[in-house]
Amino acid sequence: MSNGAVRDDAPPSTATEGPAMYDLSCSRVTKKFGAFTAVSDVSLDIPSGSFFSILGPSGCGKTTLMRMIAGFETPSEGDIKIKGESVVAVPPNRRNVKMVFQHLALFPMMSVGENIAYGLRCRGESRAEIGKKVAGILDRVGLPGTTDKRIEQLSGGQKQRIAIARCMVLEPDVLLLDEPLGALDLKLREHMKIELKLLQHQFETTFLYITHDQSEALVMSDQVAVMNAGRFEQIGSPKALYDAPVSGFVAGFVGDANCLPGTIADMSGTEARVMLDDGGAVVGTVSDGSTVGDAVELFLRPEALSLRDGEDGMRVAGTVDSLLFNGANSRILVKIDTGQMIEVADPSHTAAMAEGDPVSVSWRPERARVFARRTR
Amino acid sequence: MGRDAGRLSLFLLFTPFVLWIGLLIVLPQIGIGYVSLREKIGINEFSFGLKNYADFFNEPIYRNTLLRTAWISILVTALALVIGFPVAYYIAKIAKERSRAALFLMCLIPLWVSDLVRAYGWIVLLRETGVISTVLLRLGIISTPIEMLYNDVTVIIGLVYTVILFMIVPLVSTLQGMDDALLEAGYNLGGSRFTVFRRIIVPYAMPGIVAGCIITFMLTAGSYLTPVLLGGKNSSWFTEQIYNQFITRYNWEAGATFGVLLLLFTSLVVWAGLMLTGQSLATTVAKD
């Protein structure tokens with residue numbers, strides 16, 4: 001289902017003819033543990049040199065998928081190809097995909113240099129060659145001269161870079177990253193996001209990044225696959241996922257959105273009038289196959305809402321409930337007259353508003369997306 | 001006031017410990033050391049000197065018994081490690097969470113009976129009229145009963161069986177602390193099974209290995225019942241010599257000398273082992 005989407009969006013610079021243009025491709029990969037299906041019929045193609053993320057809530061099967069690519073699990077069905085060659089029968093230590101583990105898994109009994117040299121020594125390279133490569137890669141990740149340091153002497157961000165260096169020194173076809181930023185504190189995580197992106201540019205290696213944090217995926221990736229309950233919901237560029245989600249799950253999971261449950265009362269074209277469960281009616285654009293009488297959810301991005309008078313389109317009245325100050329991300333929490341709370345990001349009005357002020361919230365119907373209601 | 005209370009509780013806590021160490025370990029050792037330096041020159045007449053030590057080194061049978069004890073103890077320790085490591089690895093890494101406690105408990109069961117009963121178990125199995133001999137005879141595999149007791153192999157088997165638990169426990173606790181991701185990283189970066197074992201598992205488990213080896217070696221070298229019961233007259237063990245000097249020959253001076261020498265010699269072996277593996281007591285036995 002998703003192959004087409006990826007091929008269409010693939011950066012043209014990497015496009016060469018034939019299937020070998022993809023560093024990694026999975027076709028119809030399924031993994032069952034007993035009666036439980038962890039990964040169901042997943043296909044993806046990752047062009048050379050791109051940063052590809054799999055984004056999903058915990059337990060959606062993304063780690064299982066990555067472990068299959070690394071070779072720690074065998075798919076129940078389907079095929080995994082690296083540089084065009086099937087690796088399903090290849091043991092993990094013979095696959096040229098390297099992995100940065102969630103907790104990094106640096107070897108605590110080895111020094112930084114020995115950690116990086118481990119893979120090279122497994123390959124049987126000469127001592128002189130290894131020394132040169134280790135020094136070279138430490139330079140490239142910005143930690144020259146740390147060869148003899150012990151792992152516990154490094155800071156969180158440095159460990160991160162050593163874990164990446166340990167993989168990159170082996171020049172893998174694909175680098176897998178399993179939520180490596182999860183253990184870092186917020187400030188460092190923001191910093192490492194940018195650093196990872198820069199490293200990926202520098203090495204020009206294909207990165208497959210797994211995360212449950214939508215902002216990590218959006219900031220770093222060329223392509224993002226949104227995964228839910230073992231399936232891919234949508235594959236596309238971060239912008240496409242944000243602006244044109246194909247399902248309620250994607251709309252709710254990627255980026256912030258106000259979600260108003262209701263039922264479609266009537267439709268004209270794709271424009272639908274939704275009777276909200278808590279009372280009132282609003283207008284939005286149906287983005288899937290929902291039709292009159294269906295239970296739906298209406299998604300409104302906070303920045304798609306305006307408090308200005310005289311905007312055309314949909315308009316509801318309400319009062320300012322509270323101001324949520326967060327610098328450039330400040331929000332206004334508006335209680336609309338039918339009782340629901342919605343977050344509005346309208347920077348031009350944030351400063352002038354006070355709690356209890358009457359406001360009218362307006363949006364253009366095409367920016368309010370209506371999807372069939374998610375099953376919980 | 002608070003400080004006084006703190007001092008009092010510290011004092012109360014330490015008193016039993018100090019009494020135990022002082023009265024049961026330090027004082028007897030000083031006594032033994034003192035007796036070992038005493039030379040008997042007549043009835044109740046003593047002078048001080050190193051004659052007892054000279055006697056030990058001049059009598060090959062004593063020397064050889066000590067070396068033999070050390071050598072068999074090292075062998076027993078090595079065997080306990082080779083057999084214990086897979087068992088510990090299975091319990092710590094492969095067994096399911098639920099069966100882990102049961103397996104561990106099964107390792108502990110032999111400790112519930114005394115050394116004597118365990119040694120007697122081997123005697124029941126291995127003696128000339130024992131279970132194995134009789135069964136083989138009935139099956140027609142052998143024609144005359146065989147005596148499997150009273151040789152070195154039996155002593156080694158018995159000792160390994162007695163001490164292996166003390167190898168398994170520290171190994172399990174170190175291996176349990178190892179993140180499986182380390183092994184996966186080891187494979188992912190291109191290591192074979194052997195490489196992962198040699199470069200990741202063994203170095204990680206080294207504190208546990210050394211701790212287990214020290215404990216089993218000390219227990220083996222200092223054991224008395226098992227070698228005496230299973231080895232009989234043929235398997236002279238150094239503790240047996242000490243016993244003989246004290247009890248049979250009533251030569252306390254020689255017995256004390258042997259005791260001091262056993263302590264020094266085993267300490268030397270442990271020290272050499274620590275040097276060889278680059279570990280220290282703080283990173284192994286005393287590790288929390």
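Two strands are said to pair if DSSP finds at least two bridges between them, and the legends below use the word in that sense for a predicted model.

**View 1. The open sheet of chain A in the predicted model.** Four strands of chain A make up an open sheet, in which the order is E2-E1-E4-E5 and the pairing is antiparallel. Strand E2 (36-47) and strand E5 (85-86) of chain A stand at the edges, and because each of them has a single partner strand, one side of each is left without a neighbour in the sheet.

**View 2. The pairing of strands E4 and E5 in chain A.** Strand E4 of chain A, which covers residues 77-82, runs antiparallel to E5(A), and the two are joined by 2 bridges. One residue can be followed across this pairing, since Lys81(A) has Ser86(A), in E5(A), as its bridge partner.

**View 3. Helix H2 against the sheet strands of chain A.** Helix H2 of chain A, made of residues 62-70, lies across three strands of chain A, namely E1 (22-33), E2 and E4. With respect to E1(A), the helix runs at about 120 degrees.

**View 4. The packing of helices H3 and H5 in chain A.** H3(A) packs with helix H5 of chain A, residues 156-168, at an angle of about 30 degrees, and the axes of the two helices are 7 Å apart. Angles under 35 degrees count as roughly parallel, and therefore H3(A) is described as roughly parallel to H5(A). The crossing in which H3(A) passes H5(A) is right-handed. On the side of H3(A), the contact is made by Val112(A), Asn115(A), Ile116(A) and Gly119(A), while H5(A) brings Ile162(A), Ala165(A) and Arg166(A) to the contact. Sorted by class, the residues in this contact of H3(A) with H5(A) are 4 nonpolar, 2 polar and 1 charged.

**View 5. The side of chain A that touches chain B.** Between the two chains, 17 residues of chain A are in contact with 16 residues of chain B. Strand E6 (97-100) and helix H3 (112-123) of chain A each supply at least two residues of the side of chain A that touches chain B, and the largest share, 4 residues, comes from H3(A). By class, this side of chain A divides into 11 nonpolar, 3 polar and 3 charged residues. As for confidence, the model scores ipTM 0.80 and pTM 0.80, and chain B averages a pLDDT of 88, with 97% of the residues scoring at least 70. Where pLDDT is low, the predicted coordinates should not be read in detail.

Methods:
Residues numbered from 1 in each chain as written. Chains lettered and ligands numbered in written order. Predicted model: local features only at pLDDT ≥ 70, side-chain atom pairs only at ≥ 80, totals over all residues. pLDDT = per-residue confidence, 0-100. Contact = placed C-beta atoms within 7 Å. Axes fitted to C-alpha atoms, helices over the stretch in contact; angles between N-to-C directions. Nonpolar A, V, L, I, M, F, W, Y, C, P; charged D, E, K, R; others polar. Parallel < 35°, antiparallel > 145°, perpendicular 65-115°, else oblique. Left-handed = near helix turned anticlockwise from the far one by under 90°.
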